[in-house]
Amino acid sequence: MAPKQNLAAVLHGPNDLRIEERPMPQPASNEVLLEIDSCGICGTDIHFLKEGGFGSEMLIRPLVLGHESSGVVRQLGRDVKHLKVGDRVAIEPAAGCRMCDLCKVGKYNVCLNGRHCPTPNHDGNCSNYFTMYADNCFKLPDHVSMEEGAMLEPLACAIYAARRAEIPLGSRVVIFGAGPIGLMCLIAAKAMGATRTVVLDLARVSHRLELAKKLGATGVIAIGTKDREDDLVQKIKAILGGPADRVLECSGSQPGMRISIKSTRNAGKICLVGLGNHDVQLPMVDAISREIDITTSMRFNHDFPAALEVVASGYVNIKPLASHHFDLKNVHEAFRVAEQSEGNKVIIHLVPRDTNNRSKFSN
């Protein structure tokens with residue numbers, strides 16, 4: 001039976017996260033009411049919790065966190081035809097205004113007036129119930145679990161980053177950061193044709209590097225406190241058999257960006273994915289003189305269908321990334337585990353796990 005309350009993880013300020021009851025939302029004509037099942041914790045959620053936001057996206061009111069979610073359709077808006085009550089869906093948590101120049105050229109992911117959750121004016125979906133545009137909900141086949149449905153969001157981000165980097169068949173790829181996005185980028189890069197891959201992260205998160213090995217990385221590098229940039233560049237080249245063709249920088253750190261430039265071949269390409277240092281010093285003369293392209297990625301851009309297809313078809317396996325599971329009542333411990341990098345993808349279950357076999361939802 002569906003919960004009678006709409007409880008949510010609401011952030012009131014830095015380190016002030018509360019479980020509160022929110023009004024039951026009602027779907028507009030083009031929306032559906034969803035009962036949220038699973039919600040992953042993202043790095044941006046942690047930025048909101050610890051710092052009150054990131055970049056220009058700063059907390060201005062109490063905000064429901066969460067955006068990596070799956071759920072069950074419980075009510076249809078009057079114009080919704082392609083979904084039905086009881087459908088299990090993954091939720092694309094970002095939509096453009098559909099009217100501005102950015103939206104009209106397909107860049108809804110950076111629309112200035114879009115509905116991107118969670119952002120200061122739009123709640124996230126770590127709550128029992130949530131309404132979303134129906135065309136942002138992707139029906140899950142019966143064999144795809146609710147956890148996998150929730151993890152389609154970070155996979156879509158990784159697919160977009162890999163597309164922005166234009167990873168070619170037979171390429172050598174470096175990935176900085178072995179967190180959830182970094183490992184999703186590893187999966188996406190390999191799926192797009194990267195044949196040699198190396199993943200770097202701090203030695204203190206060696207368990208994440210071990211998972212990178214299991215996911216098929218050619219090699220991993222545990223970064224120590226005394227490692228020099230040039231030494232790490234040489235280690236990268238030794239594993240790859242030469243400089244990288246492409247780099248996906250997922251740590252957001254100045255050292256990661258600097259080493260990305262130094263380890264990339266002439267005319268190579270780097271995509272900056274991670275949100276970390278606000279200001280960095282980079283060897284730009286080196287990048288310019290060797291004509292290295294540096295691009296960025298934000299969210300995803302028409303990538304949910306591809307993410308769903310590669311998971312549903314068995315082409316990629318994202319299940320190993322789900323490391324920790326918590327019910328909503330234990331949300332503070334869930335965020336502690338995620339913040340301390342004790343696992344990889346931490347998932348909060350809005351529907352208690354003992355009432356759901358995770359692979360199929362009982363209506």
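**Salt bridges and exposure in a predicted model**

Tutor: In this predicted model, the side chains of R163 and D303 meet in a salt bridge, with 2.8 Å from N to O. The pair joins distant parts of the chain, 140 residues apart: R163 belongs to helix α3 (residues 146–165), and D303 to the loop between β18 (293–296) and α9 (304–312).

Student: What makes the contact of R163 and D303 a salt bridge?

Tutor: The criterion is a side-chain nitrogen of Lys or Arg within 4 Å of a carboxyl oxygen of Asp or Glu. R163 and D303 are at 2.8 Å, N to O, and therefore meet it.

Student: Why is D303 called buried?

Tutor: Buried means under 20% relative accessible area. D303 has 2% relative accessibility, so the term applies.

Student: Why is R163 called partly exposed?

Tutor: Its relative accessibility is 39%. Partly exposed covers the range between the limits of 20% and 50%, so R163 is placed there.

Student: How do you know that D87 and K139 form a salt bridge?

Tutor: Their side chains meet at 3.5 Å, N to O, and the cut-off is 4 Å; therefore the pair qualifies. D87 lies in the loop between β7 (68–76) and β8 (88–91), while K139 is in strand β12 (residues 137–139), so that distant parts of the chain, 52 residues apart, are linked.

Student: Which of the terms buried and partly exposed belongs to D87, and which to K139?

Tutor: D87, at 4% relative accessibility, falls under 20% and is therefore buried. K139 has a relative accessible area of 44%, between 20% and 50%, so K139 is partly exposed.

Student: Why can R265 and D245 be said to tie together separate parts of the sequence?

Tutor: Their closest N and O atoms are 2.7 Å apart in a salt bridge. R265 is in strand β17 (residues 264–272) and D245 in strand β16 (residues 244–249), so the bridge connects parts 20 residues apart in sequence. With 29% relative accessible area R265 is partly exposed, whereas D245, with 11%, is buried.

Student: How many salt bridges does a search of the whole structure find?

Tutor: The search finds 23. In addition to the pairs above, E229, D230, R258 and K262 are linked in a network of salt bridges.

Student: Why is L112 called exposed?

Tutor: L112 has a relative accessible area of 76%, which is over 50%, so L112 counts as exposed. This residue is in the loop between α2 (101–104) and β10 (115–116). Together with L102 and V110, L112 makes a nonpolar surface patch of about 270 Å².

Technical notes: Residues numbered from 1 in each chain as written. Predicted model: local features only at pLDDT ≥ 70, side-chain atom pairs only at ≥ 80, totals over all residues. Heavy atoms only, no water. Patch = residues over 30% accessible without salt bridge, like charges linked within 9 Å, V, L, I, M, F, W, Y side chains within 5 Å. Areas by Shrake-Rupley, 256 points an atom, 1.4 Å probe, with all protein chains shown as cover. Helix = DSSP H or I, 4+ residues; strand = E, 2+ residues; numbered from the N terminus. Buried < 20%, exposed > 50% of the residue type's maximum accessible area, 1.4 Å probe, protein only.
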